[in-house]
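Me: Could you give me a close look at one part of this structure, namely how its charged side chains pair up? Once that is clear, I'd like to know what surrounds them.

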Amino acid sequence: MMKTKDRILATSLSLFNERGLSQVTLRTIAKEMGISQGNLNYHFKKRQDIIEGLYFQLVGRMDEIFQDLVTKEVDILLIFESNRGVLAAFYNFRFFMLDFVQIMRENPSIKEHYLQLQQARIAQFQQTVTILQDKKLVRLEEFKDEFYHLYQRMSILGDFWLSAATISGLATEHDIQRYQLILSESIYPYLTPAGKRSFLQHRKKLKVRNN
């Protein structure tokens, strides 16, 4: 049986995703669970504590995805799969991405951790690029910070694709596939001829699944 603390986190995630951060209070969560607010406060004294708990759940999932990029056999297919994993994780915690700026403003500890985490992610990305270069799938850098800037573009798209999808309409799981393709295509100009051939093969399969 799920522990009360885990139930609180799961219920909070569902409510935040469904109603948005501003519409969910500790009282809302307790009522949804059928427990007293005092019981809830025993595990989480503030709503920020719940948000922080969910944040670290998301970070744990992202750590698994990025770890694959340095432990598994890295190729173009893994890039497609990793991008999907990232977008799916963000969709599952979509309230966090949709209220990203507000959460960062109101939770200094989360903001500090996120900024530190970005440095580790950049290093992991650079390591992945180096592996793909060694395999002659990605070309060498043509000017300083070229791949660092690529990481920044992909990071911005990954962090805020849900906002774009939601503005256009209610974001659904189908949007994961669409933005997986958009995000993956970011790397195409940096591929070697061999890398482009592999990319187009996997892209074709992805488009077939999308249709």
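Reply: Let's start with Arg-178, which is partly exposed at a relative accessible area of 39% (buried is under 20%, exposed is over 50% and partly exposed is in between, with a 1.4 Å probe and protein chains only). Its partner Asp-175 is buried, with 10% relative accessibility. The two side chains form a salt bridge, 3.0 Å from N to O (for that, a side-chain nitrogen of Lys or Arg has to be within 4 Å of a carboxyl oxygen of Asp or Glu). Both residues belong to helix H10, residues 174-184, where three residues, or about one turn of the helix, separate them. Helices here are DSSP runs (H or I) of at least four residues, numbered from the N terminus.

Before going on, keep in mind that this is a predicted model: local features need pLDDT of at least 70, side-chain atom pairs need pLDDT 80 or more, and totals for chains, interfaces and linings take in all residues. Residues are numbered from 1 along each chain as its sequence is written, and side-chain values rest on heavy atoms, with hydrogens and water left out.

How does the rest of H10 sit? Eight of its 11 residues are buried, so H10 is largely enclosed by the rest of the structure. Besides Asp-175, the buried ones include Ile-176, Tyr-179, Leu-181 and Leu-183, along with Gln-177, Gln-180 and Ser-184. So Arg-178, with its 39%, falls in the partly exposed class, while Asp-175 at 10% counts as buried.

That pair has company, since the structure holds 10 salt bridges. Take Arg-121 and Asp-63, whose side chains meet at 2.8 Å, N to O. Here the bridge ties together distant parts of the chain, with Arg-121 in helix H8 and Asp-63 in helix H4, 58 residues apart. Arg-121 is buried, at a relative accessible area of just 4%. Asp-63, on the other hand, has 33% and counts as partly exposed.

Another one joins Glu-146 and Arg-139, at 2.7 Å from N to O. In this case both partners are buried. 

The loop between H8 and H9 has a couple of backbone oddities. Lys-136 lies in that loop, and its phi is positive, near 60°, even though it isn't a glycine. The side of Lys-136 that solvent could reach is substantial enough for it to be classed as exposed, with a relative accessible area of 60%. Asp-145 is in the loop between H8 and H9 too, and it has a positive phi of about 70° without being a glycine. Asp-145 is partly exposed, at 30%. As background, most residues other than glycine have a negative phi.

Now for the empty space. Searching the whole structure gives one cavity of 30 Å³ or more, and the largest cavity holds about 530 Å³. On a 1 Å grid over the protein atoms alone, a cavity is a set of points where a 1.4 Å probe fits but cannot get out; a pocket is an open set with protein on both sides within 12 Å along at least five of seven lines, and lining residues have an atom within 4 Å of a point. Points join across faces, edges and corners, and the volume is the space filled by probe spheres set on them.

The cavity has 30 lining residues, with Met-62, Phe-66, Val-86, Tyr-151 and Ser-155 nearest its centre. Helices H4 (47-71), H5 (76-92), H6 (94-98), H8 (108-134) and H9 (146-168) each give at least two residues to this lining. H8, the helix that holds Arg-121, has the largest share, with eight residues. The lining counts 22 nonpolar residues, six polar and two charged (nonpolar is Ala, Val, Leu, Ile, Met, Phe, Trp, Tyr, Cys and Pro; charged is Asp, Glu, Lys and Arg; the others, Gly among them, are polar).

The largest pocket has about 190 Å³ of space. Among the residues lining it are Phe-16, Glu-18, Tyr-91, Arg-94, Asp-99 and Leu-170. Helix H1 (4-19) and H6 are the elements that put two or more residues into that lining. Its make-up is six nonpolar, three polar and three charged residues.
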